[in-house]
Amino acid sequence: MITDFGLLPAEERHTVRLSIRLSGTLCTPPAGAEGEFARQSAAQLRTATARYPANRVLGELVNEFAAHSPDFAAGWRNHGVRPIPTLRKHMRHVQLDDLDLDCQTLLLPGTDLRLVMYTAEPGSSSAAALARLGTRRA
């Protein structure tokens with residue numbers, strides 16, 4: 001939904017980095033939810049740094065994201081670690097145009113892996129657009 005990650009160099013395959021760099025160009029929150037993704041990302045990174053305190057790369061990510069995103073920096077200073085189960089996003093897709101989607105991140109127990117799912121409200125124009133995308137790939 002975001003980009004073809006296979007076309008990016010390995011070090012650029014990071015959704016938070018892309019979100020910060022492309023802020024407001026690809027994916028935007030609905031009114032009143034500005035900064036939620038950055039604050040949730042800060043909470044997730046804070047959890048990771050607590051789990052791996054000696055990991056230098058995590059510290060570098062914190063510094064990079066905080067330097068480029070006031071919302072991330074605020075989330076980091078807040079010391080939150082509780083994930084937000086669902087974020088509403090407005091996305092501009094190259095083939096599908098504008099989509100209103102719910103983004104859910106599921107943590108896979110016993111691993112550091114996350115599964116990110118984008119869903120649309122049943123019956124909405126966004127759900128119809130996603131269904132069209134599914135038939136194109138079949």
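Which residues in helix 4 are buried? The points below take up this question and then move to other parts of the model, which is a predicted one.

1. In helix 4, the buried residues are Phe72, Ala73 and Gly75. Seen down the axis of helix 4, these buried residues fall within an arc of 160 degrees, so they line one face of the helix. It may help to recall a general rule: an α-helix has 3.6 residues a turn, so residues three or four places apart point the same way. On the other side of helix 4 we find Pro70, Arg77 and Asn78, which are exposed. The partners against which the buried residues of helix 4 pack are helix 2 (36-51) and helix 3 (56-68).

2. Aspartate 71 also has its place in helix 4, which runs over residues 70-78. Is aspartate 71 buried, exposed or partly exposed? Its relative accessibility is 32%, and because buried means under 20% and exposed means over 50%, aspartate 71 counts as partly exposed. Leaving aside residues up to four places away in sequence, aspartate 71 touches Gly35, Ala38 and Arg39. Tyrosine 52 is 19 residues apart from aspartate 71 along the chain, and the C-alpha atoms of the two are separated by 23 Å.

3. Helix 2, one of the partners of helix 4, has 16 residues and reaches 23 Å from its first C-alpha to its last, which is close to the 22 Å expected at 1.5 Å a residue. Its buried residues are Ala38, Gln40, Ser41, Ala42, Ala43, Gln44, Leu45 and Arg46, and a student may note that Ala38 is also among the residues that aspartate 71 touches. What covers the buried residues of helix 2 includes helix 1, helix 3 and helix 4, together with strand 2, strand 3 and strand 4 (114-119).

4. Arginine 17 lies in helix 1, which covers residues 15-21. With a relative accessible area of 12%, arginine 17 is buried. Its side chain reaches the backbone oxygen of glutamate 11 at 2.4 Å. Not counting residues up to four places away in sequence, arginine 17 touches Glu11, Glu12, Leu61, Glu64 and Phe65.

5. Two residues that are not glycine deserve a look at their backbone angles. Histidine 79, just after helix 4, takes a positive phi of about 65 degrees; this residue is found in the loop between helix 4 and strand 2, and it is exposed, with a relative accessible area of 54%. Aspartate 97 has a phi near 70 degrees, again a positive value. Aspartate 97 is found in strand 3 and, at 53% relative accessibility, counts as exposed.

6. How do the side chains of strand 2 (residues 86-93) point, and which of them are buried? They alternate along the strand: Leu87, Lys89, Met91 and His93 point to one face and are buried, whereas Thr86, Arg88, His90 and Arg92 point to the other face and are not buried. Strand 2 pairs with strand 3 (residues 97-107) in the antiparallel sense, over 8 bridges, and a hairpin joins strand 2 to strand 3 through 3 residues. Within this pair, lysine 89 stands opposite leucine 101 of strand 3, and lysine 89 is one of the buried residues of strand 2.

Conventions. Residues are numbered from 1 along each chain as its sequence is written. This is a predicted model: local features need pLDDT of at least 70, side-chain atom pairs count only at pLDDT 80 or more; totals for chains, interfaces and linings use all residues. Side-chain values use heavy atoms; hydrogens and water are left out. Buried means under 20% relative accessible area, exposed over 50%, partly exposed in between (1.4 Å probe, protein chains only). Helices (H or I, at least four residues) and strands (E, at least two) are DSSP runs, numbered from the N terminus. Two strands pair if DSSP finds at least two bridges between them. Contact means heavy atoms within 4.5 Å. The arc is that of the directions from the helix axis to the C-beta atoms. A polar contact is a pair of N or O atoms within 3.5 Å; within protein, one must be able to donate a hydrogen and the other to accept it, and residues adjacent in sequence count only if both atoms are side-chain atoms. The expected span of a helix is 1.5 Å times one less than its number of residues.
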